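Please walk through the following model with an eye to its buried parts, its largest pocket, its ring contacts and its backbone geometry.

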Amino acid sequence: MDYRLDPDLQAYVDTVNTFYPPDALALPVGENRRIYDRMCRALRQPHPDGVSRTDRRAEDCGHSVAVREYRTGADYRPDRPVVLYFHGGGFILGGLESHDDVCAELCARTGLSVVSVDYRLAPEHRHPAPFEDAVCAFRWAGRHFAAPLLVMGESAGGNIAACLCHAMKGARRPAVGQLLIYPAMSAAWIGESHERHAHAPLLSHDDVRAYDAARAGGAPPYDDTRFSPLAAGDFSGLPPTVVFIAEYDPLACEGEAYCRAIGAAGGTALLLAGAALPHGYVRARGLSLRARRAFDGIVRETTRLAAGSAG
């Protein structure tokens, strides 16, 4: 398929590809991470003025995970919802530094505290390690903050966020909203976008399956709701949901299916499609007008959900 990206988006894709050899996933995971981290540093946006960062340990029932809290002094209010953020990276890449600028900008533009979760990565830590870290961070945040919790995840982090919301919907303090950015739902089936965009810029269908296998350490357990949110038999009782998808992304159909399932169960789910955008467009927000407008939408919907849940 001929992908006709805006010139600035094509330049972004070309820049990312200068870091990655065609066989990147075949490289040792340590080298893959070094490449990814260099790419993240090269594309990092300036840190907003007035945003503070505090590194903490989230602890629950003897379990511990590193988190980083972002707060803006000018607009901070202890009663406003807190965003619990799960980064992307195919379950094998990323951490607090790779998405530091994204979280800082979300904090600055929404006025909300953002807590980024440094969940464990495969292949050293296989499923369900990321899910267990998410539960730990969620329970800790429920005690640490008096405010409601919004859950947000990008790509692999969108999967973790959705799995967490399913698991915690019966909790004393469940999430009051979830925002999923081109989420990797780890679907057992191959949908239309997997076929149409199997060789899309920045993420291919084969990449998706390789990440699932790495996370599982073998055959992916697609029937496990801690691995695939789409495996859930009951989609009722979930918080208001917003799913952002990218047109040129094999994962687009998975976000669509998740929204349909929530709607069919009587819930509220809004699907926002990013026309002519590739997977990973959030990192292009400082380079591309189209990506910037999509990120503006993420900020807007985060603010809207926060306003609806406050108090």
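How many of the 11 residues of helix 3 (residues 100-110) are buried? This is a predicted model, in which local features need pLDDT of at least 70 and side-chain atom pairs count only at pLDDT 80 or more, while totals for chains, interfaces and linings use all residues. Residues are numbered from 1 along each chain as its sequence is written, and side-chain values use heavy atoms, with hydrogens and water left out. Nine of the 11 residues of helix 3 are buried, so this helix is largely enclosed by the rest of the structure. Here buried means under 20% relative accessible area, exposed means over 50%, and partly exposed lies in between, with a 1.4 Å probe and protein chains only; helices (H or I, at least four residues) and strands (E, at least two) are DSSP runs numbered from the N terminus. The buried residues of helix 3 include the acidic-named positions Asp-100, Asp-101 and Glu-105 as well as Val-102, Cys-103 and Leu-106. Just after helix 3, Gly-111 takes a positive phi of about 75 degrees.

The backbone has further points to inspect. Most residues other than glycine have a negative phi, and most peptide bonds are trans. Ser-186, in the loop between strand 6 (177-181) and helix 6 (192-196), has a positive phi near 55 degrees without being a glycine, and Ser-186 is buried, with a relative accessible area of 1%. Leu-202, in the loop between helix 6 and helix 7, likewise has a positive phi, of about 80 degrees, although it is not a glycine; Leu-202 is partly exposed, at a relative accessible area of 28%. Two cis peptide bonds can be found in the loop between strand 4 (114-117) and helix 4 (129-144), where Pro-123 and Pro-128 are placed. The bond that joins Ala-122 and Pro-123 is cis, with omega about 0 degrees, and the bond from His-127 to Pro-128 is cis, with omega near 10 degrees.

Leu-202 also leads to the largest pocket, which holds about 750 Å³ of space. Of the 34 residues that line this pocket, the closest to its centre are Tyr-20, Leu-202, Leu-203, Asp-207 and Tyr-211. On a 1 Å grid over the protein atoms alone, a pocket is an open set of points where a 1.4 Å probe fits, with protein on both sides within 12 Å along at least five of seven lines, and lining residues have an atom within 4 Å of a point; the volume is the space filled by probe spheres set on the points, which are joined across faces, edges and corners. Helix 1 (7-19), helix 2 (29-43) and helix 7 (205-216) each supply at least two lining residues, and helix 7 gives the most, with four. The lining divides into 19 nonpolar, 10 polar and five charged residues, where Ala, Val, Leu, Ile, Met, Phe, Trp, Tyr, Cys and Pro count as nonpolar, Asp, Glu, Lys and Arg as charged, and the others, Gly among them, as polar.

Turning to the rings, the structure holds five aromatic pairs, a pair being rings of Phe, Tyr or Trp (its six-membered ring) with centres within 6.5 Å, called stacked when the planes are under 30 degrees apart, edge-to-face when over 60 and tilted for the rest. One of them joins Tyr-3 and Tyr-248, edge-to-face at 4.9 Å centre to centre and 70 degrees between the planes. Tyr-3 lies in the segment before helix 1 and Tyr-248 in strand 7 (residues 241-248), so this pair ties together parts that are 245 residues apart in sequence; both tyrosines are buried. Tyr-222 and Phe-227, whose ring centres are 5.9 Å apart with planes at 75 degrees, form another edge-to-face pair, and both are buried.Finally, a search of the whole structure finds zero disulfides, a disulfide being a pair of cysteine sulfur atoms within 2.5 Å. The sulfur of Cys-40 is 12 Å from the closest cysteine sulfur, in Cys-103, which is too far for a bond, and Cys-40 counts as buried at 4% relative accessibility. Cys-163 is in no disulfide either, with the nearest cysteine sulfur, that of Cys-165, 9.7 Å away.
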